[in-house]
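Open the model in your viewer and keep the selection panel at hand. The stops below tell you what to select next.

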Amino acid sequence: MQKENILTINGLTKQYPGTLALSDVSININKGEIIGLVGENGAGKSTLLKLIMGLEQPTKGDMQIYGKKYNPKTPLEANKNGIGMVFQEQSLIQNLSVSENIFFGREDSYSKFGFVNKNKMNKDAEEVLSQVNVSGIKTSKKVFNYDFATRQMIEIAKVFYVSQREDEKNSIILLDEPTSVLSEDEVKLLFKNIKKFVAKGDSVIFVSHRLDEVLEISDRIYVFKDGQNVCELNKENANENILYEKMVGKTASGEYYKLNRQVTPSKKELMKIEKLGLKGYFNDISFSLHEGEVIGICGVIGSGKEELCEVICGDKIPTSGTIKIHGEEKVSKEPYQSLRNGILSIPKERREEAIIPDNTISENISMSNYSKIKLNGFISKKKEDEQAQTFMEELNIKAPSIFQKVSNLSGGNAQKVVFARILASDAPILLLNHPTRGVDIGAKEEIYSLIRDLSEQNKGIIVIGDTLDESIGLSSKILVMKDGTLTHEFDAPSDNKPEQLDIVKYMM
Amino acid sequence: MKKIMLIAVVAILSCGFAFASGENEKSSTKEPLTIGVSMRSTSSEYHMQYVAGAQAFVDTLPEGTAVVQMLPCESSDDKQINDIKALIASKGDNVILFVDPNNAPNITAIAEICEDAGVYWSSVWNTPEGITPLNYEYWVAHQSCDGVKQGYDIAVNMFENFETPGVGKILVMEGMLANTANVNRMIGLRQALEEYPQIEVLDDQAADWSTKKALAVTETWLSKFDEIDGIWCACDDMALGVVQALRAKGLDKKVLVTGVDGVADAIEGVDNGDLICTIANNGWLQGGYGVAYAYAAKTGKIKPTEMSAGERMFYTNGYLITKDTYSDYKANFIDSTPIYDYNDLSFPVAKPME
Amino acid sequence: MNTQNGKSQIALEFSQEMERINRKTRLINTMPLIILFVLVFIMSVVAEGFFSLYNFQTILSQLSIMLVMSMGLTFVILIGSIDLSGEGLGGFAGAVTSLLVLNGKNTNNFGIWGILFVIVAVTLIGILSGVIHVKGKMPSFMVTYSISSIMAGFAVLSYKGQPAMIKYPFFTQLSQGTFIGIPILTWISIIVFCIAYILQTRTKFGTYLFAIGDNENIVRNTGINIDLVKVKVFAWSAFCIGLAGVMGAVRIGRGVVDIGVGIVFPAITAVVVGGTSLSGGKGGVVNSLIGALIVTIINNGLILLGVSTYIQAAVQGIIIIAAVALSVEHDRKGICK
């Protein structure tokens with residue numbers, strides 16, 4: 001059966017400084033179809049959605065909708081062309097009513113002499129909600145009164161409403177990880193609704209980490225890997241194993257990750273985590289970190305791994321379980337307390353969380369360890385600069401001088417400054433959250449060898465890698481998380497690394 | 001190029017100095033004496049009274065002897081000092097000054113300038129702790145108003161005007177706590193209260209010299225107290241706010257209100273009965289005699305170094321305006337300028353300072 | 001299968017967590033009202049003369065200017081900005097009004113036209129500060145604070161140090177008149193409150209206020225002219241300031257710049273104590289009405305209690321901090337600057 005084509009994507013490419021996020025992707029979306037997009041974190045799914053919504057502009061390639069050129073500059077333009085998106089983070093205004101949210105920016109059709117007819121608006125909002133089979137919502141109530149799942153349905157209803165085309169042709173709705181925080185029943189309801197939309201001829205692009213759900217709902221599935229669309233499968237031809245195989249990335253050589261320098265961890269325990277839990281995010285996590293050990297934590301978005309790191313570094317307070325350091329129970333309510341307890345973390349968003357861009361290299365390095373460079377209670381500029389000079393040479397930081405502002409450095413060099421700070425501090429436990437994000441290949445290798453240096457110094461390291469391959473390559477032990485629980489533990493000695501495919505099976 | 005510029009500037013400046021100093025020598029023989037009156041602003045009626053007083057003094061001298069020059073500082077310490085310096089620079093020692101310091105600490109700098117230039121001068125109102133004319137040869141005298149007496153006088157005037165004189169319930173509206181004027185006026189009130197044991201103080205609040213705050217405080221008072229005979233206010237601005245609050249409840253003229261300072265609106269309020277009394281600071285007296293002291297020293301009539309502390313530092317009396325004295329005040333101070341015998345330098349001295 | 005259970009477990013806990021936060025939010029939202037009732041109750045018991053018709057009239061009349069001010073500020077704070085121009089601008093409005101109506105200083109007698117002129121002029125100044133803020137990309141507190149200084153200067157210049165006593169009979173009627181027992185000035189402030197309430201709930205302008213304060217990106221992506229909305233907000237705020245300045249002149253009967261002094265911070269306090277978030281997007285004019293009542297009752301009650309002036313300001317500060325602590329959400333993650 002030949003279906004009518006709605007959206008055609010031709011060779012779409014998006015180049016960010018340092019990374020190629022999307023490379024030459026071509027996709028077709030037909031009338032009344034549900035398209036599943038799967039791939040690892042960073043495979044390019046989100047980038048593709050952003051380009052379709054006009055939130056970002058492609059570097060190359062073009063799109064057509066109903067045979068007409070489609071090049072949206074804003075989400076508004078996308079809406080007018082019949083394309084709407086339900087974002088992972090909800091975009092409803094909490095302190096406005098349901099109806100005000102649904103008709104946001106479109107109040108004029110309800111206005112008379114500048115006054116909005118709220119009654120009519122509330123009634124029409126009910127109508128819009130009933131289109132997506134949601135009932136029992138009082139549309140005059142403020143959004144914050146409703147639970148997360150209901151809010152999501154409200155948002156879907158809103159997106160449907162705003163992406164209606166003037167010529168009444170069918171729309172396309174993009175759903176980015178809509179199920180990650182929904183319960184089973186809620187997911188069922190959502191799927192029932194999605195099927196109803198497409199029965200009317202609308203199309204849906206469904207992005208999820210949950211392969212079982214993707215397989216259940218999609219008519220066709222596109223698999224993404226490293227910014228490329230690696231294969232297209234019809235529902236009948238797809239199963240979880242095929243998807244796993246297609247998703248996992250290429251394996252880099254052992255030399256790249258300095259496997260010859262991987263340290264066999266000692267028996268001496270640095271940190272013991274017992275039955276740690278954060279209500280609503282993860283539960284019952286237990287593991288130990290030893291001297292010289294590198295533990296990689298793997299899991300998809302929403303698996304709870306990010307929150308686990310936040311708890312360990314003191315950014316969030318756990319609701320259950322304990323963290324013991326050197327056998328002693330420690331409670332950290334703020335990151336500075338966990339630093340005092342010996343845990344130092346490198347945050348994911350370097351620019352926002354780890355460096356002070358307008359300070360010099362020297363000042364950035366000394367930030368977590370003023371006690372070392374103190375002289376009579378004041379910072380000794382001389383000691384601070386000496387320290388910076390040493391690290392600059394040791395880590396090969398490429399900058400004209402230690403007085404250079406960090407904002408002027410490349411991503412890799414800025415990250416090395418952060419590492420210098422770690423080296424300067426005496427914290428025995430390091431938490432590296434995406435240590436190579438936005439760093440070019442050469443600098444990546446230098447960072448890998450730095451991590452090897454650190455474990456040779458008997459530090460215990462927890463890594464969340466940028467890719468699965470990186471996590472495997474760096475770690476001596478791998479923990480896999482899914483839905484807030486630890487699903488499997490892999491030993492990863494340098495001569496017997498686990499396969500990506502095996503790990504992925506426990507992640508998805 | 002820069003050098004040439006520099007030389008040109010130096011040349012112009014030195015010509016200017018030469019010219020100015022040349023003129024100085026001439027002026028000391030021919031030109032009339034300049035009387036500088038340094039005060040806050042030309043837009044304030046009270047400060048302009050200084051000038052009128054100084055002019056009244058000049059009018060008693062032979063024609064052409066002296067001229068009055070205003071030096072309004074517009075509330076700037078720097079401008080006050082710079083204006084004085086400029087005047088001395090252009091007239092040399094052919095100047096005498098009467099100064100109302102913008103802020104008390106300014107007076108020290110002015111004293112040094114005048115001492116160096118040999119310019120006789122006198123001051124009014126505030127000096128910093130420990131800074132007095134006694135340490136200087138050219139700072140002839142310092143005068144101020146006796147806040148204690150003001151506070152006392154208005155209190156007594158109010159108490160005596162109660163239905164049963166000396167018996168009643170009053171509320172006290174203070175100015176800004178810890179401010180010298182407020183502290184002194186409060187001491188005066190307490191002295192009066194000791195003499196009138198049948199006066200009961202219902203409450204005491206500070207309204208920071210502000211009309212608006214006084215209004216709000218009075219409104220609340222009126223909900224709390226049913227019987228109020230009088231409201232003692234530490235200044236006219238607050239008294240006007242109190243009257244406004246009373247008027248809103250129809251209690252104006254029934255509850256007696258005092259003020260101090262002699263603000264024009266308050267004086268009018270005394271006339272129409274809104275206020276029972278206020279005390280006008282007599283700018284004419286202060287300005288006229290302030291200048292007269294400096295002139296007497298300049299002409300050698302008095303020798304400051306030989307005068308006693310009490311003769312050089314004293315309080316002057318304000319004018320207590322009540323319904324009875326209003327017509328007198330209007331005739332002598334509003335419709336005409338008061339004239340004093342400036343040869344009698346002891347006339348303004350109400351009380352020596354301690 | 002185990003993972004499916006894990007999934008439901010986490011999802012269940014997540015929704016419980018959200019529900020808990022929602023409950024807390026609802027409690028916090030009603031907090032200002034609770035504080036107000038508690039305060040009225042305590043004052044009625046301990047402060048002699050508090051619970052009387054006469055004192056309620058007094059509170060209502062002391063409330064009027066702060067309420068008008070806070071109606072303007074509520075909108076500004078809802079969009080996450082701040083307007084500090086009230087001191088100078090309000091003083092300017094009061095001083096110029098006194099010079100334009102019948103007064104004891106000059107021969108002007110423009111009556112009601114003088115008042116209208118002042119309010120229109122002040123509103124235009126508000127538009128100007130709004131435009132400088134959005135087009136010049138300058139922080140609102142800096143722009144409005146500067147405008148305040150400039151206008152305070154103009155205000156003093158306008159009457160050259162000697163304020164004018166207002167003789168306009170209409171003002172006397174306004175300041176003393178009551179309608180069914182409530183002062184006319186309070187009625188004016190109630191009308192302003194009603195206008196603000198209608199603007200907030202019945203117009204798209206009101207809807208956008210919350211949205212801009214919550215998330216400007218969503219609003220921008222919806223294709224709304226945010227700058228225009230912001231300029232309108234500053235115009236409204238200035239209108240309220242102008243009106244408050246005129247009301248101040250009516251109340252004290254003299255055109256001093258003093259009218260504006262100290263009217264901004266109590267009004268901001270009222271807005272915040274009422275539960276409007278300084279970061280924007282939450283709260284509203286009803287909250288500010290409650291907040292204004294709380295602040296007024298604290299001032300009024302402390303004087304009635306005869307609390308010494310020396311410690312009054314301190315007690316006020318403590319009560320306000322306590323009220324804010326109870327009525328503002330403290331998200332651990334949120335950075336307070």
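The tour goes from chains to a sheet, a helix and the cores.

**Before you start**

This is a predicted model: local features need pLDDT of at least 70, side-chain atom pairs count only at pLDDT 80 or more, and totals for chains, interfaces and linings use all residues. Residues are numbered from 1 along each chain as its sequence is written, while chains are lettered from A and ligands numbered from 1 in the order in which they are written.

**Stop 1: the chains**

Colour by chain. Two pairs of chains touch, and chains A and C share the most contacts. A contact here means two C-beta atoms, placed from the backbone, within 7 Å. Chain A and chain B have no contact; their closest C-alpha atoms are 36 Å apart.

Now select the contact of chain C with chain B. Chain C brings 29 residues and chain B brings 25. On the side of chain C, helix H2 (53-78) gives the most, five residues. Helices are DSSP runs of H or I with at least four residues, strands are runs of E with at least two, and both are numbered from the N terminus. By class, this side of chain C has eight nonpolar, 16 polar and five charged residues. Nonpolar means Ala, Val, Leu, Ile, Met, Phe, Trp, Tyr, Cys and Pro; charged means Asp, Glu, Lys and Arg; the others, Gly among them, are polar.

**Stop 2: a sheet in chain A**

Go to chain A and show strands. An open sheet of six runs in the order S18-S21-S22-S15-S23-S24, with mixed pairing. Strands pair if DSSP finds at least two bridges between them. The edges are S18 (343-346) and S24 (485-491), each paired on one side only. Neighbouring strands are turned by 20° against each other on average, direction ignored.

Add helix H9 (305-312) of chain A. H9 packs on this sheet and makes about 145° with the direction of S21(A). Then add H17(A), which lies across S15, S23 and S24 at about 35° to S23(A). These axes are lines fitted to C-alpha atoms, for helices over the stretch in contact; angles run from 0 to 180 degrees between N-to-C directions.

**Stop 3: A:Gly296**

Select A:Gly296, in strand S15 (294-298). Is A:Gly296 buried or exposed? A:Gly296 counts as buried because 25 C-beta neighbours lie inside 10 Å. The cut-offs are 20 or more other C-beta atoms within 10 Å for buried, 12 or fewer for exposed, and partly exposed in between. S15(A) pairs with S22(A) in the parallel sense over three bridges. In S22(A), A:Val463 is the bridge partner of A:Gly296. A:Gly296 also has contacts further along the sequence, including A:Ser471, A:Leu474 and A:Ile478.

**Stop 4: one face of a helix**

Select H8 (240-247) of chain A. Its buried residues are A:Leu243, A:Tyr244 and A:Met247. Seen down the axis of H8(A), they fall within an arc of 100°, so they line one face of the helix. The arc is taken from the directions from helix axis to C-beta atoms. Their cover includes strand S3 (34-39) and helix H17 (500-507) of chain A.

**Stop 5: the cores**

Select B:Met173, B:Cys233 and B:Val242. In the largest nonpolar core, of 300 residues, these touch the most other members. Such a core is a set of buried Ala, Val, Leu, Ile, Met, Phe, Trp, Tyr and Cys residues joined through C-beta atoms within 7 Å. Helix H10 (226-252) of chain C gives this core its largest share, 17 residues. A second, separate core of 43 residues includes B:Ile84 and B:Tyr289.

Methods:
Lists of a residue's contacts leave out its neighbours within four places in sequence.
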